[in-house]
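Please open the model in your viewer, show it as a cartoon, and keep the selection panel at hand. The tour below goes from the whole chain to its sheets and then to single residues.

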Amino acid sequence: MPASNQSFFENVLRYFDHAAALTGLPKGLLDQIKYCNSIYHFKFPLRNPDGSVEVISAWRVEHSHHKLPVKGGIRFSPDANEDEVMALAALMTYKCAIVDVPFGGAKGAVQIDAGKYTAEQMERVTRRYTHELVKKNCIGPGIDVPAPDYGTGEREMAWIADTYMAINTGHLDALACVTGKPVTQGGIRGRREATGRGVFYALREACAQKDDMKALGLTSGLEGKRVAIQGLGNVGYHAAKFCREGGATVVAIAEREGAILNTRGLNEDQVLQHKKETGSILNSPGATNLPGSNDVLESECDVLIPAALENQITAENAPRIKAKIVLEAANGPTTPEGEAILQEKGVFVIPDIYANAGGVTVSYFEWLKNLSHVRFGRMGKRYQETMENRMLRAIEIATGKQFSESDRSAIVRGADELDLVNSGLEETMAVAYHEMRDTQLRNPKIKDLRTSAFLNAIEKIARAYMELGIFP
Ligand code: NAD
């Protein structure tokens, strides 16, 4: 069983301290970076259809104000608690630094099992939550910008934006108060799948390093890699999709109700369709059932992608993990004790603060779009196509040869919003991967990518504080 009662924030502090010890930075500065700047815990009433009233607990934690706005998702979960929100807010700070997104870290949560309430009740909860944030100045395009997380999605982000705009009538930039909105409500194409796509880019980059793959006894490239995924929500579904389309074989998938296996490969759309029809992924056509959802963690695979919740890989189950690569799509899926065992076994861990940074990267693009009030690609797409057509024409005149229609349409294509978002995401994930890897290669004391990711983040944040003149 996962050690779900383990302090998630303590785990983050341990990872931080391990990397901080390599920096030589003064203790005061490290303390300023590591602790949460503000923690807001509030409660509000919710009326049930039978007239009874219950009191709902909620949080917004702003971990680091070294850059503004702060940014981080909102989680709806019956298990949400302050420790978890603090940990997730801290991870956001380091994540933004790793992918050079100019935000501080934050996170929010509502302690609620959304599945037990009607859509109208969830709308009231979301709007009330937003009101409470407004009252305390904890939301705004230049202050604190929430996004989706576990249990929330585009619908909730649209309610948040609508509530904020109703209170701040006429504010030109009000839509930038939240990201992950539907495209029709100021969202950006590619945000829905961004975290899973980023997870795929992370894996592709890792698998492209021949020496690293050889050390693991694996061939380079994604082709044929056996992937197991825990959690078929937003992140897990899209990670499965892009990995499969990229040449990997998804051999195992777990949801809350259990896990399924198929060594010849599962298709995430078919599994999801089966879940829609039957309420469960179990008994999906062609697949074998596993008794427990956590059995997926120990399944035969090359790459294990935990994409559900924290504290899943622990000292208890790490010895039985067979994957050569653990790709942390969820936040905090591995405890420090679990990680130590994985390291001893030679398992290569691609850490959460890098692996799932695709979501905040594209959220940053959405925020930029909202502030600039123009869709990416709108100004340049047609111009680019015109210039490419002229270039082809000039080549045709010079060579006396004609391009075929299919060659022409493959070459002449102005970038639209989705092209630019995906290209920006791919570049971000590739650059950050090599920054982490280079730090590790330069420093023989660093044995894992998580330490180099934390080290890079701490140094970038420390530089921001030092440039402010606050610390010597
Ligand atoms: P989600 O609510 O869309 O999906 C989570 C899925 O996990 C659900 O389908 C749920 O049923 C399943 N699940 C829960 N417990 C499970 C268990 N024990 N075994 C198997 N499946 C289980 O949430 P999400 O947005 O996909 O987030 C998943 C993780 O990714 C979280 O840790 C979140 O913090 C992290 N994350 C999300 C984003 C984002 O953009 N949504 C960005 C970065 C990180």
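With the whole chain selected and coloured by burial, you will find that buried residues make up 57% of the 472 residues in this predicted model. The accessible surface that remains comes to about 20300 Å², and 52% of that surface belongs to carbon and sulfur atoms.

Keep the full chain in view and switch to secondary structure, where 16 helices and 12 strands can be picked out. The radius of gyration is 23 Å, close to the 23 Å that the globule rule gives for 472 residues, so the chain is as compact as a globular protein of that length. If you orient the C-alpha trace along its principal axes, the trace spans about 80 × 60 × 55 Å. Among contacts in the chain with a separation of 6 or more, 68% are between residues 24 or more positions apart.

**First stop: the five-stranded sheet**

Now select β1 to β5, which form an open sheet with mixed pairing, and read across the strands in the order β1-β2-β4-β3-β5. At the edges stand β1 (38-47) and β5 (144-148), and because each has a single partner strand, one side of each is left without a neighbour in the sheet. Neighbouring strands in this sheet are turned by 25° against each other on average, when direction is ignored.

Zoom in on β3 (residues 70-77) alongside β5, since this pair gives a clear place to follow the pairing in detail: the two strands run in the parallel sense and are paired over five bridges. To find one of the bridges, label K71 and look across to β5, where its bridge partner is V145. Next add helix α3 (residues 82-98), which packs on the sheet and touches β1, β2 (53-62), β3 and β4 (104-111), with a direction that makes about 150° with that of β4.

**Second stop: the seven-stranded sheet**

Hide the previous selection and show β6 to β12, seven strands that form another open sheet of mixed pairing, in the order β9-β8-β7-β6-β10-β11-β12. Which strands stand at the edges here? They are β9 (288-290) and β12 (348-350), and each has a single partner strand, so one side of each is left without a neighbour in the sheet. In this sheet, neighbouring strands are turned by 20° against each other on average, again with direction ignored.

Within the sheet, select β6 together with β7 (residues 249-255), which run parallel and are joined by five bridges. Two places to label along this pair are R226, which stands opposite T249 in β7, and A228, which stands opposite A252 in β7. Colouring these strands by burial shows that four of the five residues of β6 are buried, so β6 is largely enclosed by the rest of the structure. In β7, six of the seven residues are buried, so β7 is likewise largely enclosed by the rest of the structure.

**Third stop: Q230**

Stay with β6 (residues 226-230) and select Q230, which lies in this strand. Is Q230 buried or exposed? Its relative accessible area is 6%, and with the cut-off for burial set at under 20%, Q230 is buried. Display the side chains of Q230 and N294 as sticks, and you will see that a polar contact of 2.9 Å joins them. Widening the selection around Q230, and leaving aside its neighbours within four places in sequence, brings in its contacts with A254, N294, V296, L297, I305, P306, A307, A308 and Q312.

**Fourth stop: A318**

Move on to the loop between β10 (303-306) and β11 (325-327), where A318 is found. A318 has 0% relative accessibility and therefore counts as buried. Not counting residues up to four places away in sequence, A318 touches I313, G338, I341, L342 and K345. For a sense of scale, draw a distance from A318 to R128: these two are 190 residues apart in sequence and 41 Å apart in space, C-alpha to C-alpha.

**Last stop: T451**

Finish by selecting helix α16 (residues 449-467) and, within this helix, T451. At 4% relative accessibility, T451 counts as buried. When residues up to four places away in sequence are not counted, the residues that T451 touches are H18, A19, L22 and I446.

How values were computed
Residues are numbered from 1 along each chain as its sequence is written. This is a predicted model: local features need pLDDT of at least 70, side-chain atom pairs count only at pLDDT 80 or more; totals for chains, interfaces and linings use all residues. Side-chain values use heavy atoms; hydrogens and water are left out. Two strands pair if DSSP finds at least two bridges between them. Axes are lines fitted to C-alpha atoms, for helices over the stretch in contact, and angles run from 0 to 180 degrees between N-to-C directions. Contact means heavy atoms within 4.5 Å. The radius of gyration is taken over C-alpha atoms; the globule rule is 2.2 Å times the number of residues to the power 0.38. Buried means under 20% relative accessible area, exposed over 50%, partly exposed in between (1.4 Å probe, protein chains only). Accessible areas come from the Shrake-Rupley method with a 1.4 Å probe; for residues, only the protein chains shown count as cover. A polar contact is a pair of N or O atoms within 3.5 Å; within protein, one must be able to donate a hydrogen and the other to accept it, and residues adjacent in sequence count only if both atoms are side-chain atoms.
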